[in-house]
Amino acid sequence: MKKKFAIFLLAACMLTACGSKGPTTTGNEPIENAVYTDDSVSLAPYTGLKAEKKNYIVTENAVDDQIHEELMEFAEYQSVDRPAKSGDYVQTDFQASIDGSVVMKETSYDVILGAQEYGEAFDEKLTGVSVDDELHFSLDYDSDFMDVEWAGKTVDFEIRVTGIQEELLPDPTDAFIKENTSYSSYDEFEAAMRTSITDSYEQESTQELQENLLQQVIDNSSILQYTQEDYEAARERVQNTYGGYLEIFGMENLEDVYEFLDMTKEDVEEEVQITLYRTLIVNAIVKNEQLSVSDDEYEDGIRYYMEQTGAESKEELLETYGEEEVRTTLLEDKVLNFLVNHAEITEVEAEHEDE
């Protein structure tokens, strides 16, 4: 949920009236069944929409993984004199190259077998290795691999194994849990982990549903025109979103970020248009429903967003995001909730993608 709020604050729709200076006409015609029309938007019906809401199943594996993650704070690591197996930390001198150019070179680099950081096939190559083994192999990565620099490419690896460690987790007895956590027993601790996953799945499912419904409205509506001010605001929000990667990637300008993410100028322009159109549609619903944020809703929202972002005070939150953007996010949340409350929802059980 923290990610959602941050993204909406950085790339949120500008819920202000469209200006009249220098409008750009799209050439689109108003739709016949519009429920609201102004100079910018011919708005499709947005009540009675149909959509599925996924109720993700909380599996025992998911609970075990959450418990493992919590107990890792207390883990110890022991060197072993045996071949590496799943769960081990394989220490390596690591080099990866593409077309003869080195794209990654690290010494004393830990590979966690089973984490699949570089894919399942990579972990299979290191399973069963011993200290001082040297490996030379190549892997072909799919076009949708998470590292865009490696996606669709053949990567050549040179790896020397310098150590193997196994992770030793504490036995989560009632006594250990009571002494080291805020829970009084293992059963209480396990129940809390299950509840945490359930809540996370529910938030994810709700966000997916909201976006599904809003996209239906966007797809069925017609954007008639927009001002240069609207367009520049959308472009700025897209730039702000990707600007967040500058420090992460250690880069100095957005062009380097776009290149690293393999984004063309056309890709960036498409994101600006998506943000712009979303702005206009949400703004039209706000105006048609006469939605607003009361003082009490604003203060409740401040407290909620402080919790979600980890801000320690109202002043810190507003210094980071500003009152206008907080109110903007609250209004958008109101629109999304309105769509859900006035939709025909079918609930279905589903496996979470992590399973």
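**Figure 1. The Asp93–Arg160 pair in the predicted model.** At 27% relative accessibility, Asp93 counts as partly exposed. The model shown here and in the views that follow is predicted. Arg160 is partly exposed as well, with a relative accessible area of 33%. The two side chains meet in a salt bridge, N to O, at 3.8 Å. Asp93 lies in strand E6 (residues 89-98) and Arg160 in strand E9 (residues 154-168), so the salt bridge ties together parts that are 67 residues apart in sequence. Side chains of opposite charge can pair when their charged atoms come close.

**Figure 2. A salt-bridge network around Asp88.** Arg82, Asp88 and Glu166 are joined into one network by salt bridges that share partners. Within this network, the side chains of Asp88 and Arg82 meet at 2.7 Å, N to O. Asp88 counts as buried, at 2% relative accessibility, whereas Arg82 is partly exposed, with a relative accessible area of 23%. The count for the protein comes to 14 salt bridges.

**Figure 3. The salt bridge between Glu202 and Lys53.** The closest N and O atoms of Glu202 and Lys53 are 3.0 Å apart, and the residues form a salt bridge. Glu202 lies in helix H5 and Lys53 in strand E4 (residues 50-56), so this pair ties together parts that are 149 residues apart in sequence. Lys53 is buried, with a relative accessible area of 9%. Glu202 counts as partly exposed, at 38% relative accessibility.

**Figure 4. Helix H5 and its buried residues.** The end C-alpha atoms of H5 are 51 Å apart, which agrees with the 51 Å that its 35 residues should span at 1.5 Å a residue. The buried residues of H5 include Phe189, Met193, Ile197, Tyr201 and Ser205. Also among them are Leu209, Gln210, Leu213, Leu214, Val217 and Ile218. An α-helix has 3.6 residues a turn, so residues three or four places apart point the same way.

**Figure 5. The largest nonpolar core.** This core has 47 residues, of which Leu43, Val217, Ile281, Ile285, Leu317 and Val326 touch the most other members. The elements that give two or more residues to the core include strand E3 (41-43), helix H5 (186-220), helix H9 (265-289) and helix H12 (323-341). Helix H9 supplies the largest share, nine residues. In soluble globular proteins, nonpolar side chains tend to be buried together.

**Figure 6. Contacts of Ile281, and a second core.** Leaving out residues up to four places away in sequence, Ile281 touches Val41, Leu43, Leu214, Val217, Ile218, Ser221 and Ile223. Apart from the core that holds Ile281 lies another, of 26 residues. Among the members of this other core are Ala84, Phe94, Leu113 and Ile164.

**Figure 7. A nonpolar patch on the surface.** Met72, Tyr77 and Leu169 form the patch, with about 230 Å² of accessible area together. Tyr77 is found in strand E5 (residues 76-79) and counts as partly exposed, at 34% relative accessibility.

**Figure 8. The protein that the close-ups are taken from.** The protein has twelve helices and twelve strands. Its C-alpha atoms fill a box of roughly 75 × 55 × 40 Å, taken along the principal axes. Of the 355 residues, 38% are buried. The accessible surface comes to about 20,200 Å², and 44% of that belongs to carbon and sulfur atoms. Among contacts with a separation of 6 or more, 72% are between residues 24 or more positions apart.

Notes. Residues numbered from 1 in each chain as written. Predicted model: local features only at pLDDT ≥ 70, side-chain atom pairs only at ≥ 80, totals over all residues. Heavy atoms only, no water. Core = buried A, V, L, I, M, F, W, Y, C linked by side-chain atoms within 4.5 Å. Buried < 20%, exposed > 50% of the residue type's maximum accessible area, 1.4 Å probe, protein only. Helix = DSSP H or I, 4+ residues; strand = E, 2+ residues; numbered from the N terminus. Contact = heavy atoms within 4.5 Å. Salt bridge = Lys/Arg side-chain N within 4 Å of Asp/Glu carboxyl O. Expected span 1.5 Å × (residues − 1). Patch = residues over 30% accessible without salt bridge, like charges linked within 9 Å, V, L, I, M, F, W, Y side chains within 5 Å. Areas by Shrake-Rupley, 256 points an atom, 1.4 Å probe, with all protein chains shown as cover.
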